[in-house]
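Visitor: I would like to see how the labels on this model are earned. Please take me through them one at a time.

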Amino acid sequence: MPATDNQGSFLNRISIRRNQVVSMDNNHEQELEDLDLFQKHVADRFSDLLQQPPSPSSPSLSSPSLSSSPLLSIAWLRNLLDAFLCCEAEFKAVLVMGRDPAQFAKPPLDRLIPDLLDRGVKALDICNAVTHGLDLVRTWQSLAEIAVTALNQNPITEGHVRRAKKALTSLLTSMAYDDKENNSNNSNSNNHHGKSTERNWSFGRAKKAAAAGGGKWSVARSWSAAKQVQAMSANLVAPRGGEPTGLALPVYIISTVLVFVAWALVAAVPCQERAGLTAHFPVQKNLSWAGPVIGLQEKIGEEWKKKEKKGCCGLLEEVQRMERVSLSLVEFAESFKFPVGEEAAEEVAGMVAEMAEVCRRMEEGLVPLQLQVREVFHRIVRSRAEVLDVLEQVGKLNTPISY
C-alpha cells in the first residue's frame, strides 16, 4: 500500500530543515513543530483505523460492512501495517536525520534507544509467528474451498456431503487445537538444531534467513506470543516533562505503536501460546494520539472476551465467519437425507455462498498481508542497523585518542 501524501511532505520538510543553517532557537522551534506533526499523523492514522466498522454479529452477504474493512479483518490488518510503516518512516526522520550523534549518549536516549532496539528484536519473532499463523489460515482456506466445491453441485448427493464433511471436520479440528500443539510439529522439525532451537533469537539468525531468501523460521516449543508482547511493553513508560532532550517522546510514541501492532496481530492471527494476552499495556492518556490507540485496545479487548476460546482460532474476522459457517454446514451434513428439500437447499446455498465469499477474501488478502508482515520484519532490521550505526559513531567520538 502506498504511503500517504502527508508522510511524503513531512519527510521532505524535515530533510530541508535539517540542511538549513539556522540559529539554535529556530532549530528548537522546528523540532517542536516536527514532533507536533509526527503526533498529529499518528493520531490521524489510528483515528482512521478506529473508525472502521466492528465485525457484524450475524454477517450475511448483504451486510454493508462486508464491502468495507471491519475491525480485525484482513483488510484492516493491512491498513494497520501500512500505518505502522508510515509512522516508523517519520519517526526515523525525526530521530536520526541530521542529528548530532552525541545526543544518543545523553540521558534519556542512552537508556531509551537500547530498550527500543530490544523491542525491535522481540517484534521480529512476532512477525515470524504471525507469518506461520497466516500459513495455517491458508490451509484452512484450502479445506473450506474443498467443501464449497463439493456442496456447489446440483443435486447434492451423499458423496458430495461426505467429502464436504470430511474437509470441514478437519478444518474445525485444526481450529480447536491447543496453541502449543498446533506449533509442536514446527518445533519437532528443528530438534536437530539442539540448543539453538531453545534460544530462538530472531536477530541473531537474520543473516542466515536472508541468505536463504526469506525472513522466517519456526519458534521454540516454549515460546509464548503473549509473553513476548508483555516483554515488549515491560519498559514502556511515558517520558517525564523535564527530560533533557525532546527525543524521548517520539521514542515512546513509536514504541507504543510497535507494541500495539504486535498485540493486535497476535490477537487476530493464530499464534503459539496466547494466554494472558487480554491484559492491556498502559498508554499515557493525555497525549493527542493516545485516544484512538486506547479506543482500539478497548474494542479488540471486547472482541477477545466475546469470541476467543482456548484454541488457536484467533480473532481474524474472516476466520470467525469461516468457523461459524463450517459448524452450520457440518450440522447440515450430519442430518443429510437425499433428496434435499427446496427450503434446505436454499439455506445450504446461502451458507456455501458465504463460505465462498470468505475464501475469496482470503485468496485476495492473505498473501499480500504476509508480504506486508515480511516488509515490517525487514524494515525493523534495517532501522535497527541504522540506529546501531549512529551508536557506533557515538562510541568512536567517546573513544580517547592515543598519542
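Guide: What follows covers cysteines and cavities in a predicted model.

Visitor: Why is Cys 127 called buried?

Guide: Cys 127 has a relative accessible area of 6%. The cut-off for buried is under 20%, so Cys 127 is buried.

Visitor: What makes Cys 359 buried or exposed?

Guide: Its relative accessible area is 4%. Buried means under 20%, so Cys 359 counts as buried.

Visitor: How many disulfides does a search of the whole structure find?

Guide: Zero. A disulfide needs a pair of cysteine sulfur atoms within 2.5 Å, and the search of the whole structure finds none.

Visitor: How many cavities of 30 Å³ or more are there?

Guide: Three. The largest cavity holds about 220 Å³ of space, and the second largest about 80 Å³.

Visitor: Which residues line the largest cavity?

Guide: There are 14. Glu 88, Phe 91, Leu 116, Ile 380 and Ser 383 lie nearest its centre. Two or more lining residues come from each of α3 (74-95), α4 (109-151), α10 (248-268) and α13 (342-397). α3 gives the most, with five residues. By class, the lining has nine nonpolar, two polar and three charged residues.

Visitor: How is the lining of the second largest cavity divided by class?

Guide: Twelve residues are nonpolar, with no polar and no charged ones. Among them are Phe 84, Cys 127, Val 261 and Ile 380. Cysteine counts as nonpolar, so Cys 127 in this lining falls in that class.

Visitor: Which element gives the most to that second lining?

Guide: α10, with four residues. α3, α4, α10 and α13 each supply at least two.

Methods
Residues are numbered from 1 along each chain as its sequence is written. This is a predicted model: local features need pLDDT of at least 70, side-chain atom pairs count only at pLDDT 80 or more; totals for chains, interfaces and linings use all residues. Side-chain values use heavy atoms; hydrogens and water are left out. Buried means under 20% relative accessible area, exposed over 50%, partly exposed in between (1.4 Å probe, protein chains only). On a 1 Å grid over the protein atoms alone, a cavity is a set of points where a 1.4 Å probe fits but cannot get out, and a pocket is an open set with protein on both sides within 12 Å along at least five of seven lines; lining residues have an atom within 4 Å of a point. Grid points are joined across faces, edges and corners, and a volume is the space filled by probe spheres set on the points.
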